[in-house]
Structure formats: C-alpha cells, structure tokens
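Reader: I should like to go through the terms applied to this model one by one. On what grounds is each of them used?

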Amino acid sequence: MKICSVMKGLYCRAVSDAEPKFVIQEMTLPDVLSSHQVRVQVKACGLSPLDLKLFRDVGMQRDLIPVGREVAGVVLQVGPKVTFFQPEDEVVGILPLDSSFSGLCEVIDTDEYYLVQKPEKLSSVCVAAALRDGLCAYTALHTHARMAAGHTLLVTDGASSFGLMCIQLACYHGAKVLTTSHSPQNHTFLEQLRPSVARVIPVYNSSSELLSAVMEETGGLGVDIVVDSGVHLHEGEEEVESEEKKLLPHKHDIISVLGVGGHWVTSHQDLQLDPPDCRLLYLKSASVSFLNPEVWTASSSQQGRYLHILKDIVEKMSSGVLRPQPEEAVPLYEATVAMETVQRHPKTKAVVQL
C-alpha cells in the first residue's frame, strides 16, 4: 500500500471567550518513525467533546488542537524498537493529549504504549465509539471506588453511554446497582436491561424522590458508591439551567445517600463543598474522588496499568460483558458537523468511519 505523506484531519481553532471552530487542515507524515512509534491506518474514530480549559491548565495552548483521539485501525509499519505489534495487527487506543495527529487522518503515528490489540470479532466502529466511556467506567469503579462484589452502587443517568458502561461493569462484578432515569423512554430501557438493575429511580418529574428511594432500597443504610455524571451545586440553580442539567442531583442529595465509609466519584470538575457538606462526609467517614480519565495518558507513571485496563475493556466488549448502545457511523465528510454537535451537547456520541 502506498501511503500519501500529506493528509487531512480535523482540528479545533480555539479563541478565548468565543465558540471553538472546527476546521480541516493538512498534516504531513514524517519520513521515518521513531524507535517506539507505530504507523496506523485508521478505520474508525470516536468523537468526544474537547475540554479546552484542561488544555490551558496543563500548558498545551496551541493554535490548532487535534480532534478525534479514540481510534481503531490496522498497523502499517513499526519503529525499530517496537515489541508489542507488527504490520497488519488490528489495534485500538486513545491518542495522548499532546498528539499532533487528528484521529480523522487516514494514517497516524503514535507511541506503541497507547495501543492494544483489537479482538477480531469486535468491530472498529463499536470500539472507537465506546472505548472512552469504558475507560471512564473502569477508572471510576475500580481505580477510585475499589468496587467489590456485594457493594451497592448508585449510577446517575444510567441510560447515558457512560452510565450504561458503569451498570454493566458493576453487574458483572456482583454489585447491586441502583440508577436514575431522565425520561420515560430511558426508564423503560433501563428496566429491560439484562442483567437487571435493582431499581430504576425516575427523576424527570422530580429529583426529590432520589433520597427516599435509595434509603428504601438499602434499608436506610445508604449506598457504598455513587458515580455521577454532574451535579447541582446550589439550591435554585435549576431556574437558570438547561432542561438536561435540571435532572442532575443536588450535591446534598448525593452526600445524603452515601452510607458509612461510602465513596463518591464525581465528574463535576468545579465541585464546591461547603463546611456543612464536609461535616456530613466526615460523620460518614466518606470520601470524594474526581474522575479525570486524561491522567492515564498525561503521565507515564502507570502506563502498564493503563494498558491492562484498555486490554480488559476491549476483551469485555468482545465477550459481551460490556454492550454499548450501537452508534451509527457518520462518513468523513460529515465529521465537522458531528463534532460541533458533540461539543455543544457533551453527552452526545459520534463515531466516524474512514
């Protein structure tokens, strides 16, 4: 196969205090691979919202930020010291924050330590669409919460792609799962899940049912683990928030449903805990962790553990333990519009087939 050295990829032009603009730019492949690099022909690429604030916080301010980091493809060429892969291997992985390549380029170069083998029967589109949510679920439940069989778990918004991964992973490990639904359609979907959850709590009419429902289900003891997909910080916040954010639980409700020694894993990066909140956590001897999956590729200190997690996720997808909701792949020429939608609505998923 002849490889074109100049390719087009999708990039984000971020301007302060302005909506990010997504543009197609040309990218040139280097003539020679470095020692541990792998050249991959991309077959599918998942699109996730860009956290532009994170890029600024870690000092990665660039004029153009590559878009599309969850990739699945076939190895074309390997560097002289690569030991994990050889040409024609099918691989999947998440490109690091500092990657210069957009995952929507036809061919990319990346370090071998960011990739794992893709099982043959697992489709490239499926794994590219769900890999990030699988990593988030694994990090939340295993790395942070130390989930074990017999634990009781509350997952908010269980019908979201991240929530569904948490539910399936927890059920596989023998945890009792409670979850919330954000619409009648989501409620029906969650009640029909197999393995089944212990209880689906509707919050689309009123979030006030959450505390009483959890306490009823746990005999007043509370849950061992809460995994949220965002929270309300202040009373009355609902009046100015979007319909989607109105369905998020209040932080006090989450702390209240925690049992003694419980663990709260939050996706809310600007969480504010007032002294009464901290006092209640202290009385329960409970703890809070922040879920930031980018730490795996931002630091090489736990690279081996990260690769083990990725490998376990794709094996569980292949065996049917993790069954993400199927995403319809969009063609490359629709990638810009798809990314604009994902950036505006972070819970929206999109995957591009190349």
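**Grounds for the terms used**

Author: Helices α2 and α3 are oblique to each other. The model is a predicted one, and the terms below are applied to it as computed.

Reader: Why are α2 and α3 called oblique?

Author: The axes of helix α2 (residues 124-144) and helix α3 (residues 161-172) cross at roughly 50 degrees. Angles under 35 degrees count as roughly parallel and 65 to 115 as roughly perpendicular. The value of roughly 50 degrees falls in neither class, and the pair is therefore oblique. The crossing of α2 and α3 is right-handed, and their axes come within 8 Å.

Reader: What makes α2 and α3 a pair in contact, and which residues meet?

Author: Contact requires heavy atoms within 4.5 Å. On the α2 side the residues that meet α3 include Ala 130, Asp 133, Gly 134 and Tyr 138. On the α3 side, Phe 162, Met 165 and Leu 169 are among them.

Reader: Why is α2 also called oblique to α10?

Author: The axes of α2 and α10 cross at roughly 120 degrees and come within 10 Å. The perpendicular class covers 65 to 115 degrees, and roughly antiparallel begins over 145. The crossing of roughly 120 degrees belongs to neither, so α2 is oblique to α10. This crossing, too, is described as right-handed. Among the residues making the contact are Val 127, Leu 131 and Tyr 138 of α2, with Tyr 306, Ile 309 and Ile 313 of α10.

Reader: How do you know that Trp 296 and Tyr 306 are stacked?

Author: Two rings pair if their centres lie within 6.5 Å, and planes under 30 degrees apart count as stacked. The rings of Trp 296 and Tyr 306 are 6.0 Å apart centre to centre, with 15 degrees between the planes. Both conditions are met, and the pair is therefore stacked. The pair links distant parts of the chain, with Trp 296 in helix α9 (residues 295-298) and Tyr 306 in helix α10 (residues 303-319), ten residues apart.

Reader: Are Trp 296 and Tyr 306 buried or exposed?

Author: Buried means under 20% relative accessible area. Trp 296 has 6% and is buried. Tyr 306 is at 0% and counts as buried.

Reader: What makes the pair of Phe 84 and Phe 85 edge-to-face?

Author: The centres of the two rings lie 6.2 Å apart, and the planes stand at 80 degrees. Planes over 60 degrees apart count as edge-to-face, so the pair of Phe 84 and Phe 85 takes that name. By this rule the count comes to three aromatic pairs. Ring pairs also link Phe 84, Phe 85 and Tyr 113 into a cluster.

Reader: Why is Phe 84 called partly exposed, and how is Phe 85 classed?

Author: Phe 84 is at 40% relative accessibility. Buried means under 20% and exposed means over 50%; the value for Phe 84 lies in between, so the residue counts as partly exposed. Phe 85, with a relative accessible area of 7%, is buried.

Reader: How do you know that Val 40 is buried?

Author: Val 40 is found in strand β3 (residues 37-47). Its relative accessibility is 2%, and the limit for buried is under 20%, so Val 40 counts as buried. Leaving aside neighbours within four places in sequence, Val 40 is in contact with residues including Val 74, Leu 76, Val 91, Val 107, Ile 108 and Leu 115.

Reader: What makes β2 and β4 edge strands?

Author: An open sheet of three strands has the order β2-β1-β4, with antiparallel pairing. Strands β2 (21-28) and β4 (64-66) each have a single partner strand, so one side of each is left without a neighbour in the sheet. The twist averages 50 degrees from one strand to the next.

Reader: How do you know that β1 and β2 are paired?

Author: Two strands pair if there are at least two bridges between them. Strand β1 (residues 6-13) and β2 have eight bridges, in the antiparallel sense, so they satisfy the criterion. One of the bridges sets Cys 12 against Phe 22 in β2.

Technical notes
Residues are numbered from 1 along each chain as its sequence is written. This is a predicted model: local features need pLDDT of at least 70, side-chain atom pairs count only at pLDDT 80 or more; totals for chains, interfaces and linings use all residues. Side-chain values use heavy atoms; hydrogens and water are left out. Helices (H or I, at least four residues) and strands (E, at least two) are DSSP runs, numbered from the N terminus. Axes are lines fitted to C-alpha atoms, for helices over the stretch in contact, and angles run from 0 to 180 degrees between N-to-C directions. Buried means under 20% relative accessible area, exposed over 50%, partly exposed in between (1.4 Å probe, protein chains only). A crossing is left-handed if the near helix is turned anticlockwise from the far one by less than a right angle, and right-handed if clockwise.
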